[in-house]
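Here is a set of short questions to work through with the model open. Look at the sequence and the fold before you read the answers.

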Amino acid sequence: HEPEAIPSEALRGEYENLADLVRKYRFAYYQQDAPLVSDAEFDSLFRRLEEIEALHPELVANDSPTQEVGGEVSAAFAPVEHLQRMYSLEDVFSLEELEAWLNRAEASIEKIGDGGARAAWLTELKIDGLAVNLLYRDGKLVRAATRGDGTTGEDITHNLLTIKEIPQELRGGGFPAEMEVRGEVFIPSKAFAEFNEALIEAGKAPLANPRNAAAGSLRQKDPAETAKRPLKMFVHGIGAREGLDAGSQSETYALLNEWGLPVSPYFEVLETREDVLGFIKRYGDQRHKLLHEIDGIVIKVDDFGTQRALGNTTRVPRWAVAYKYPPEEVHTKLLDIQVNV
Ligand code: NAD
């Protein structure tokens with residue numbers, strides 16, 4: 001096998017420019033909740049960065065954007081250390097790439113043995129919002145934070161408490177002593193349209209899009225401002241869970257639902273690849289008729305033992321993948337208007 005040639009000066013230059021650009025766009029997106037480019041454009045730059053790194057691994061520095069979960073912590077909020085790290089997701093952009101990912105995952109699962117090969121796929125909608133981490137101790141909400149860089153997030157407890165369906169105290173009993181519930185805060189599509197209409201009527205600038213509006217709303221300094229925004233949350237994960245009696249993510253969702261947490265009504269546990277592809281097709285056809293915006297489908301290994309055995313990279317879990325729908329021809333005229341968050 002021929003070793004890859006040393007990268008040319010030009011490629012090195014392209015690589016460094018790309019890395020700087022990705023950092024700059026991430027800053028605008030995560031810190032300022034005001035993206036400078038479309039997601040599709042950002043994704044293709046990120047892809048190119050990954051491509052160059054795959055050809056020349058020697059270029060990969062620890063602080064490369066591909067090694068980090070995007071999202072710094074703003075000084076406007078108190079920093080919060082997550083008990084368990086929060087990750088991003090590996091993306092695939094076509095059904096062929098998804099097939100290739102499933103092949104690799106199934107091969108790894110088979111190696112684990114002991115039932116791993118029969119692992120079912122927990123298939124969910126990829127909600128276009130902001131990831132949060134809720135810490136419950138003995139059934140009581142003690143803290144809420146943004147994802148931040150995955151290790152440290154921002155304390156947004158007071159803002160999060162303005163979202164009515166998030167329980168301050170869980171219902172029932174048998175709660176783990178300590179549990180991190182992860183989910184996505186979003187603005188439902190209809191509420192977003194109505195909220196913007198009201199802003200325009202009042203002569204104010206409308207919000208750019210539901211994702212950045214949700215992020216900006218949750219990261220307000222004044223919780224009274226957050227309370228005016230029509231925010232909702234759906235659970236999509238679990239972090240630290242000392243003493244939780246569940247063997248899979250779907251079993252956990254059932255428990256969280258019983259305890260009064262908002263679990264998405266849209267997820268399914270699917271046994272076969274055909275069913276996963278069917279799910280993708282079905283929701284692709286009706287993606288604009290759902291309660292909230294989605295930018296894809298997330299496919300996860302349901303079984304916790306298999307998740308643990310597959311593990312994580314520094315940025316993403318190896319047991320999950322996000323299939324992104326092809327970008328649509330949308331007119332992002334609103335992005336040109338001042339972003340009012
Ligand atoms: P990601 O959004 O691709 O995936 C990870 C996130 O998905 C999780 O943290 C979680 O918040 C969310 N998520 C939604 N539904 C989920 C579910 N059912 N299960 C698990 N997670 C779920 O990754 P990212 O690192 O947050 O950001 C990359 C995304 O942000 C890309 O889509 C990119 O286009 C966009 N982005 C855009 C810009 C820009 O300038 N336009 C800049 C940075 C990032």
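Q: S2 and S11 pair over two bridges: in the parallel or the antiparallel sense?
A: This model is predicted: local features need pLDDT of at least 70, side-chain atom pairs count only at pLDDT 80 or more, and totals for chains, interfaces and linings use all residues. Residues are numbered from 1 along each chain as its sequence is written. Strands are DSSP runs (E, at least two residues; helices are H or I, at least four), numbered from the N terminus, and two strands pair if DSSP finds at least two bridges between them. S2 and S11 have two bridges, and their sense is parallel.

Q: Which residue in S11 stands opposite Asp91?
A: S11 spans residues 320–324. Across from Asp91 in S11 is Ala322.

Q: How many of the five residues of S11 are buried?
A: Burial is a C-beta count: 20 or more other C-beta atoms within 10 Å means buried, 12 or fewer means exposed, and in between is partly exposed, with C-beta atoms placed from the backbone. By that test S11 is mostly covered, and its buried residues number five of five.

Q: Ala320, Ala322 and Lys324 point one way from S11; which residues point the other way?
A: In a regular strand the side chains alternate between the two faces of the sheet. In S11, Ala320, Ala322 and Lys324 share one direction, and all the residues on both sides are buried. Pointing the other way are Val321 and Tyr323.

Q: Which residue of S11 is the bridge partner of Ile299?
A: S10 (residues 294–301) holds Ile299. Five bridges join S10 to S11, and the two run antiparallel. The partner of Ile299 in S11 is Val321.

Q: Which are the edge strands of the five-strand sheet?
A: The open sheet has mixed pairing and the order S2-S11-S10-S3-S9. An edge strand here pairs on one side only, and the two are S2 (91–92) and S9 (268–270).

Q: At what angle does H9 run to S10?
A: Axes are lines fitted to C-alpha atoms, for helices over the stretch in contact, and angles run from 0 to 180 degrees between N-to-C directions. H9 (residues 273–285) lies across S3, S9, S10 and S11. Its angle to S10 is about 165°.

Q: At which residue does UniProt place the feature "active site"?
A: The UniProt entry is unreviewed. Its positions use the numbering given here, its feature names are shortened, and its annotations may be inferred rather than shown by experiment. The record places the feature at Lys126.

Q: Which residue in S10 stands opposite Lys126?
A: Lys126 is in S3 (residues 121–127). S3 and S10 pair in the antiparallel sense over seven bridges. Opposite Lys126 in S10 is Gly296.

Q: Why is Lys126 counted as buried?
A: Two residues are in contact if their C-beta atoms, placed from the backbone, lie within 7 Å. Beyond neighbours within four places in sequence, the contacts of Lys126 include Ile294, Asp295 and Ala322. Lys126 is buried because the other C-beta atoms within 10 Å number 21.

Q: Which are the edge strands of the four-strand sheet?
A: This open sheet has antiparallel pairing and the order S5-S4-S7-S8. Its edge strands, each pairing on one side only, are S5 (140–146) and S8.

Q: Which residue of S5 is the bridge partner of Val132?
A: S4 (residues 130–137) and S5 run antiparallel, joined by six bridges. The partner of Val132 in S5 is Thr146.

Q: How far apart in space are Leu231 and Ile187, C-alpha to C-alpha?
A: Leu231 is in the loop between H7 (223–227) and S8 (232–242). Leu231 is buried, with 25 other C-beta atoms within 10 Å. Beyond neighbours within four places in sequence, its contacts include Ile163, Val185 and Ile187. Leu231 and Ile187 are 44 residues apart in sequence, and in space their separation is 4.9 Å.

Q: How far apart are the C-alpha centres of domain 1 and domain 2?
A: The bounds come from an automatic or database domain assignment. Domain 1 is 9–67 and domain 2 is 79–336. Nine residues of domain 1 are in contact with 10 of domain 2. The C-alpha centres are separated by 24 Å.

Q: What distance separates the C-alpha atoms of Glu68 and Arg315?
A: Glu68 is in the loop between H2 (39–55) and S1 (79–81). Glu68 counts as partly exposed, because it has 18 C-beta neighbours inside 10 Å. Beyond neighbours within four places in sequence, Glu68 is in contact with Asp63, Asp149 and Arg315. Glu68 and Arg315 are 247 residues apart along the chain, yet the C-alpha separation is 5.4 Å.
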